[in-house]
Amino acid sequence: MDYIDTKYIQLVSASLENFKNKGNNTYNFRCPYCGDSQTNKSKARGYIFNKENKPIFKCHNCGQGATLNNLLKHVNPALAKEYALEKFGTQERRKPITPASKPSLRFQKRPEYLKTPLGKLKKVSQLDTDHPVRQYVESRQIPKRVHFKLFYAPKFNAFAHQFAPEKFDLIENDEPRLIIPFIDRNKQLVAFQGRAFGKSSLRYITVKIDEGAPKVFGLESIDRSKTVYIVEGPIDSMFLDNAVAMAGADLTADALNAIGTTDLVFVFDNEPRNKDILRRIEKVADLGYSIALFPDYVKEKDINDMVLGGRDPDEIQAIISNNTYKGLQAKAKLSEWRKV
Ligand SMILES: [Zn+2]
């Protein structure tokens, strides 16, 4: 970014709540698009940073991105005009009206998983803002950018019946559930979980569609050239960048193959008294993988609870990076960490 950009960031900062200059051409403030956390006024998840020498706005809560010009237009249209004038020497460049600027009707291929009965359900992102399921998902503070990954089945048994008629009967008192689909890297639906909203005896019901496929959540959207984080629960994985969830599955060769990189960090639930979890951490540490162990001051048992307890996902990501160990160090830290 140049001096004109910085000047206008300073000028607009008066209209941005909790504005902080973090140095290095990075600015942090409450997102003016989603309003950021309504319950926690100190939360600020809007960022301006330098990308290819241009200032870019991004919100880590709602996922909104914008150029500086568009951010200014949203916050202070008069200032946006001055900015355009000073920056481009004109009031906003008009796009030339040529046949090329006609709206493109490029064919977007419908992904395979939506060609199943899943495609007939509504995504949480498509529900009205006052819909109880949308409100439930928001109350868990699941980031808006991933709401399209969750679906709503008003009648769970009737939905599951279409995949496994031998296991799910059509019943009178069918119940609604949140559907968490497991999609592989070829965008095929391999399994799904139905999470109950109320006090159901079974909080999660898992339905396998492709029996042979490893049950790993998030395979369709990870970047295999970067570190992949492996957590336990699909919802927990939604708070981290580049994470998958094992959802209780074993770390088989097939699962590792599907994840498709060896640059992995395992993030288990924060339960240093749980013998089963300790055994599983020990196993992956013995295999030579990196493990993250939450420090003592973190009391919550899983990532979603940490978020509900007021920790920002960026903070959790930083705690994980600062507490990742490997090899002999992992073994030493694990024996310090374990409480049994
Ligand atoms: Zn936002």
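This talk goes through a zinc site, two sheets and two helix pairs in the structure above. What you are looking at is a predicted model.

I start with the metal. The zinc ion is coordinated by four cysteine sulfurs, namely the SG atoms of Cys-31, Cys-34, Cys-59 and Cys-62, at 2.3 Å. The angles among the 4 donor atoms run from 102 to 118 degrees, and the site is tetrahedral. If you want to find the donors in the sequence, look for the spacing C-x2-C-x24-C-x2-C.

Next, the antiparallel sheet. It is an open sheet of 5 strands, in the order β1-β2-β3-β4-β5. Which strands are at the edges? They are β1 and β5, the latter being residues 65-67, and each of them pairs on one side only. On average, neighbouring strands here are turned by 25 degrees against each other, if direction is ignored.

Two helices pack on this sheet. Helix α1, residues 3-13, touches β1, β2, β3 (46-51) and β4 (54-59), and its direction makes about 20 degrees with that of β2. Helix α2 touches β2, β3, β4 and β5, and its direction makes about 100 degrees with that of β5.

Now the start of that sheet, residue by residue. Strand β1 covers residues 20-23 and strand β2 covers residues 26-29; they run antiparallel and are joined by 3 bridges. Lys-20 stands opposite Asn-28 of β2, and Gly-23 stands opposite Thr-26 of β2. The hairpin has 2 residues between the strands, and in it Asn-24 takes a positive phi near 55 degrees.

Back to α2, this time with its helix partner. As a reminder, two packed helices are described by the angle between their axes and the distance between the axes. For α2 (residues 68-75) and α3 (residues 77-88), the angle is about 150 degrees and the axes are 6 Å apart. An angle over 145 degrees counts as roughly antiparallel, so that is how α2 lies to α3. From α2, the residues in the contact are Leu-68, Asn-69, Leu-72, Lys-73 and Val-75; from α3, they are Pro-77, Leu-79, Ala-80, Tyr-83, Ala-84 and Phe-88. Sorted by class, this contact has 9 nonpolar residues, 1 polar and 1 charged.

Further along the chain there is another open sheet. It has 5 strands in the order β12-β11-β13-β14-β15, and the pairing is mixed. β12 (243-245) and β15 (324-325) are at the edges with a single partner strand each, so one side of each has no neighbour in the sheet. Within this sheet, β13 (residues 264-267) and β14 (residues 290-292) pair in the parallel sense over 3 bridges. One bridge to pick out is that of Val-265, whose partner in β14 is Ser-290.

The last item is a second helix pair. How do α8 and α11 pack? Helix α8, residues 275-286, and helix α11, residues 327-337, make an angle of about 170 degrees, with their axes 10 Å apart. The two are therefore roughly antiparallel to each other. On the α8 side the contact is made by Leu-278, Ile-281, Glu-282, Ala-285 and Asp-286, and on the α11 side by Ala-330, Lys-331, Leu-334 and Trp-337. By class, that gives 6 nonpolar residues, no polar ones and 3 charged ones.

That is the end of the tour.

Terms used: Residues are numbered from 1 along each chain as its sequence is written. This is a predicted model: local features need pLDDT of at least 70, side-chain atom pairs count only at pLDDT 80 or more; totals for chains, interfaces and linings use all residues. Side-chain values use heavy atoms; hydrogens and water are left out. Axes are lines fitted to C-alpha atoms, for helices over the stretch in contact, and angles run from 0 to 180 degrees between N-to-C directions. Helices (H or I, at least four residues) and strands (E, at least two) are DSSP runs, numbered from the N terminus. Angles under 35 degrees count as roughly parallel, over 145 as roughly antiparallel, 65 to 115 as roughly perpendicular and the rest as oblique. Contact means heavy atoms within 4.5 Å. Ala, Val, Leu, Ile, Met, Phe, Trp, Tyr, Cys and Pro count as nonpolar, Asp, Glu, Lys and Arg as charged, and the others, Gly among them, as polar. Two strands pair if DSSP finds at least two bridges between them. Donors are N, O and S atoms within 2.8 Å of the metal (3.2 Å for Na, K and Ca); water is not among the atoms, so sites may look incomplete. Four donors count as tetrahedral if all angles lie between 85 and 135 degrees; four count as square planar and six as octahedral if opposite donors are over 155 degrees apart and all others between 65 and 115; anything else is irregular.
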